[in-house]
Amino acid sequence: MEKKKAASQFRHVGWLLMMAFNVAGVTPAAARNHGSEEPNVVVIMADDLGYGDVSCNGAKSITTPAIDALAARGLRFTNGYCSASTCTPTRYSFLTGTYAFRHKGTGIAPPNSPAIIPPGTTTLASLLHEAGYATAVIGKWHLGLGGAAGPDWNGDLQPGPLEIGFDRCFLLPTTNDRVPQVFVRDHHVPDLDPADPLWVGDAKPAPDHPTGITARDTLTMDWSDGHNQTIHNGISRIGFYTGGHAARFRDEDLADTWVEESKAFIAASQAAGRPFFLFFAAHECHVPRVVSERFQGKSALGPRGDAILELDWCVGEVMQTLADAGLADNTLIVFCSDNGPVLNDGYRDDAIEKNGSHRAAGPFSGGKYSVFEGGTRTPFITCWPGRIAPGTSTEVVCTIDLAASLAALVGRLLPDDACLDSFDLLPALLGEPGAKGRSHLIQQDNGASGSYGFREGRWKLVRHDKGVARNRVVERPLANTKVPRYQLFDLDQDPGEERDLRAEHPAVAAGMIERLETAIAAGRTRPVGPTP
Ligand code: NG6
Ligand code: CA
């Protein structure tokens with residue numbers, strides 16, 4: 001009832017209409033030639049990679065030749081976003097096209113989390129699947145597996161990606177600082193020995209179970225905060241597990257394995273004569289930053305920089321694979337990140353000590369866990385040779401818009417009750433002349449703190465219900481800073497969000513406070529009605 005009432009008020013104030021005219025995505029289908037193209041789609045999502053972590057966005061302490069080549073051949077967005085400053089909510093929104101803050105339980109998923117996206121939900125993957133695409137997710141999942149009781153690690157691991165539109169998956173189930181270190185292929189953990197079953201829990205399985213606390217002297221990478229439970233490969237993690245030894249991977253092999261899996265998926269799709277959608281969910285540069293021996297010690301920034309070099313290698317491998325298969329000109333690659341950067345995220349890996357003058361968030365304040373720009377303004381590149389003219393775009397685009405935009409690309413209609421905050425920004429993503437991006441965007445953190453960013457053009461409203469902001473200065477250890485509940489910034493003049501203009505522009509702030517509240521209460525920001 002509450003929701004319905006709010007939604008009707010929302011329509012009443014005409015804000016939806018305003019959005020309808022301001023957002024490129026509501027152009028009627030008839031006005032465009034949608035549905036006539038069937039490029040392959042590869043979304044490469046990095047983990048914890050900041051705006052300033054790639055040399056095409058100005059990094060000087062690290063060089064990312066493959067990502068730079070993607071940008072040089074494609075469109076580099078200076079106002080590209082993910083929707084949240086932690087992983088699970090961004091991935092939830094990326095796949096469902098709905099802001100994660102609308103649903104409880106979309107914050108950072110624990111090791112035994114059940115599947116967070118209900119089976120049968122319309123997702124970016126299901127939309128492309130229905131359009132005839134072969135679909136796969138390879139890499140970090142972190143959106144839970146299994147029914148209400150959580151994952152049955154030794155049995156059937158469903159529901160999961162295959163129940164929301166993916167034909168295939170090859171996953172790291174959560175994030176690599178969380179247990180367990182095993183892969184999931186489709187519905188099973190491969191290579192499990194039934195004589196050594198895998199057990200995952202949140203309490204010590206036995207009093208003498210070695211942990212990062214009791215066996216700290218055996219660790220190859222020490223922890224600084226949390227991450228002191230079960231040890232695997234010399235690194236203690238969040239959570240406990242036993243068994244499953246034959247199925248366990250080495251941290252050093254993650255990237256190589258996923259690249260190999262991706263090559264196989266691309267080759268199989270090509271052999272089957274099907275267009276494909278690959279969600280390549282990289283782990284770099286999330287903790288623990290333990291990369292292939294080939295990249296260890298290769299950057300000036302320590303393990304965090306080495307991880308960025310490994311990520312760049314993955315991007316290069318995907319590009320080369322497409323080129324070798326003759327698919328480069330018929331593939332749209334989107335490169336993005338799941339949240340902004342963090343230096344020390346719980347392990348002593350010299351990220352702060354070796355950072356020097358590097359600005360992982362570029363010119364922005366905040367990073368991972370923050371609703372200041374650095375938390376969600378992240379690298380964003382689209383590349384489709386022959387279709388996207390190389391260049392730079394200042395249009396506002398977000399990972400949450402890929403669902404509606406790619407549905408439009410392949411001519412799928414969005415049901416009214418799906419993808420509630422996803423806008424069809426296809427023309428802007430393809431760099432078509434005059435195409436507009438978003439006129440507004442809500443940014444969130446992990447979801448439970450009542451913190452939001454709200455961008456409308458040059459204006460940015462920052463809301464912190466608890467009066468504290470997390471991770472305001474990325475180059476220092478994670479900390480809370482006291483802040484007023486509302487702040488207003490002019491991003492044109494002050495991209496670093498340092499000068500609060502709320503007192504100078506009270507009417508602007510008041511209007512934005514109200515529109516943000518309305519958008520949250522309304523349950524959706526995508527206008528009702530078929531898109532495209
Ligand atoms: C935090 C972890 C952090 C990271 C994050 C999730 C601690 C002290 N911190 O709770 O290390 O795992 O969760 O990151 O445990 S994300 O990118 O997957 O959202
Ligand atoms: Ca992340």
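**Figure 1. Polar contacts between side chains and ligand 1 in the predicted model.** In this predicted model, an oxygen atom of ligand 1 lies 2.5 Å from an N or O atom in the side chain of Asp177. Taken alone, ligand 1 exposes 450 Å², and the protein buries 85% of that area. An oxygen atom of ligand 1 is also found 3.1 Å from a polar side-chain atom of Lys140, and a polar side-chain atom of Asp48 is placed 3.2 Å from an oxygen atom of the ligand.

**Figure 2. The shell and the pocket around ligand 1.** The ligand is surrounded by 18 residues, and the closest of them are Cys87, Asp177, Arg178, Asp345 and Lys368. By residue class, the shell around ligand 1 comprises 8 charged, 5 polar and 5 nonpolar residues. The space that ligand 1 takes up is the largest pocket.

**Figure 3. Asp48 and its backbone.** Asp48, whose side chain places a polar atom 3.2 Å from an oxygen atom of ligand 1, belongs to the loop between β1 (40–46) and α3 (65–73). The phi angle of Asp48 is near 65°, which is a positive value in a residue other than glycine.

**Figure 4. Two cis peptide bonds that lead into proline.** The bond from Gln158 to Pro159 is cis, with omega near 5°, and Pro159 is located in the loop between β4 (134–140) and β5 (168–172). Val179 and Pro180 are likewise joined by a cis peptide bond, for which omega is about -5°, and Pro180 has its place in the loop between β5 and β6 (184–185).

**Figure 5. The whole chain, as the setting for the close-up views.** The chain contains 21 strands and 11 helices. Its radius of gyration is 22 Å, close to the 24 Å that the globule rule gives for 532 residues, so the chain is as compact as a globular protein of that length. Taken along the principal axes, the C-alpha atoms of the chain fill a box of roughly 65 × 55 × 50 Å.

How values were computed: Residues numbered from 1 in each chain as written. Chains lettered and ligands numbered in written order. Predicted model: local features only at pLDDT ≥ 70, side-chain atom pairs only at ≥ 80, totals over all residues. Heavy atoms only, no water. Near = heavy atom within 4 Å. Polar contact = N/O pair within 3.5 Å; in protein donor to acceptor, adjacent residues only side chain to side chain. Areas by Shrake-Rupley, 256 points an atom, 1.4 Å probe, with all protein chains shown as cover. 1 Å grid on protein atoms, 1.4 Å probe; cavity = no way out; pocket = protein on both sides within 12 Å on 5 of 7 lines; lining within 4 Å. Sits in = over half its atoms within 2 Å of the grid points. Nonpolar A, V, L, I, M, F, W, Y, C, P; charged D, E, K, R; others polar. Helix = DSSP H or I, 4+ residues; strand = E, 2+ residues; numbered from the N terminus. Rg over C-alpha atoms; globule rule 2.2 N^0.38 Å.
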